[in-house]
Amino acid sequence: MKNPLLVLTPEDIGSSAREFISVYGSYMREVAIVGKRASGYATYASRTAPVEQEHTQMFEEWLDLSSKLKVKTVVAMDFYTDRWFAKDPKYQTISAKGQAVPHQICPNREEFWQYGAEIVKEIGSYPVDEILVFGTGFIRDRFCFCERCRQEFAPRVGQEPERLSYEFLVENPDHHQTWHDWRVDKVTQGIAQLQAAAREADDVVERSEPLRLTIEVPIDPQMGLLEGAKNENGLDPSRIFDVTKSVIINLYPWTPVLPRKGTPEYDHLMEALYFVKEFKRRGGTVTLYRWGVSVPEKLDEVWAIARDAEIDRVAVSFRFPEDYAARRESALGDV
Ligand SMILES: [Zn+2]
């Protein structure tokens, strides 16, 4: 069995990256460190995002050591999940019920794409091979009903912006489809802006291989698996392929138990992951990710699913995101 890509927070590594690598370095071929958290804070010396000063030295030491050890260096960042930026209510995404979400940015905010692009450029100025970009989509189908999204979308379905409701959309399959397509466009445009920033960063550091952006696609049975990723989150792997050619499937982010082989649920998951073959055949890369994998048996389960779905790379984090409960509530709760 191959080693997984570990996605580590500064807390996982502890105060000294040097010590961590001296213990684990010989087993590792690639390691990811979190560079921008769901809190919106950067763990590196950002000039754009607020910074956790206590971690910046370790971040640099870490990247420096891993490039010396020829370990592939990966940085993880949260994109629209950004509690610091979302302190400004102007940027918060808003549910169909009018509830503002204080940890998630509306994906229809070009200023925020530019902000994210600056962060990609900053991370790309380090000797980094890949950035894992988490949280680039909408929370779910009932988002976003902010002022700007209403104004822009309502005319497309012949509705007044202030009268646009979720019920109005779901009553009419054509309107609902227009809603889904429009949201996929918004998310894809945001990702394209990050990708352009990655290319700019390549020129600055003269990277031998282009900096790869790997985009999170959540696949969860409670959200409708692959159809859910497209229609709930606005994340369509075939559209992402055209931009970055690399996705990281967040396996069952809201569902604690993975399905057992031989069950209908397992078969449904395999059907949902069928796109992987096509994605790879066209030259893309796919990573299977699971968060909160703290014991080896859980890792075995993820590898077994990866093998059946013909996915060659597995990534895991030891912990759940620090704001997991709040995120799960906005993904599944009554909002
Ligand atoms: Zn919006």
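User: Which residue is the bridge partner of Ile-248 in E9?

Analyst: In E9, Thr-287 is the bridge partner of Ile-248. The model is predicted: local features need pLDDT of at least 70, side-chain atom pairs count only at pLDDT 80 or more, and totals for chains, interfaces and linings use all residues. Residues are numbered from 1 along each chain as its sequence is written.

User: What makes E8 and E9 a pair of strands?

Analyst: Strands (E, at least two residues) and helices (H or I, at least four) are DSSP runs numbered from the N terminus. Two strands pair if DSSP finds at least two bridges between them. Strand E8 (residues 246–251) and strand E9 (residues 285–290) run parallel and are joined by five bridges, so the definition is met.

User: Which strands form the closed barrel?

Analyst: The barrel has eight strands in the order E1-E2-E3-E6-E7-E8-E9-E10, with parallel pairing.

User: Why is Ala-32 said to touch Leu-5 and Val-74?

Analyst: Contact requires C-beta atoms, placed from the backbone, to lie within 7 Å. Leu-5 and Val-74 are among the residues that Ala-32 touches, not counting residues up to four places away in sequence.

User: Why is the contact of H2 with H3 described by five nonpolar and two charged residues?

Analyst: Ala, Val, Leu, Ile, Met, Phe, Trp, Tyr, Cys and Pro count as nonpolar, Asp, Glu, Lys and Arg as charged, and the others, Gly among them, as polar. The contact is made by Ala-17, Arg-18 and Ile-21 of H2 and Met-58, Glu-61, Trp-62 and Leu-65 of H3. Arg-18 and Glu-61 are therefore charged, and no polar residue takes part.

Methods: Two residues are in contact if their C-beta atoms, placed from the backbone, lie within 7 Å.
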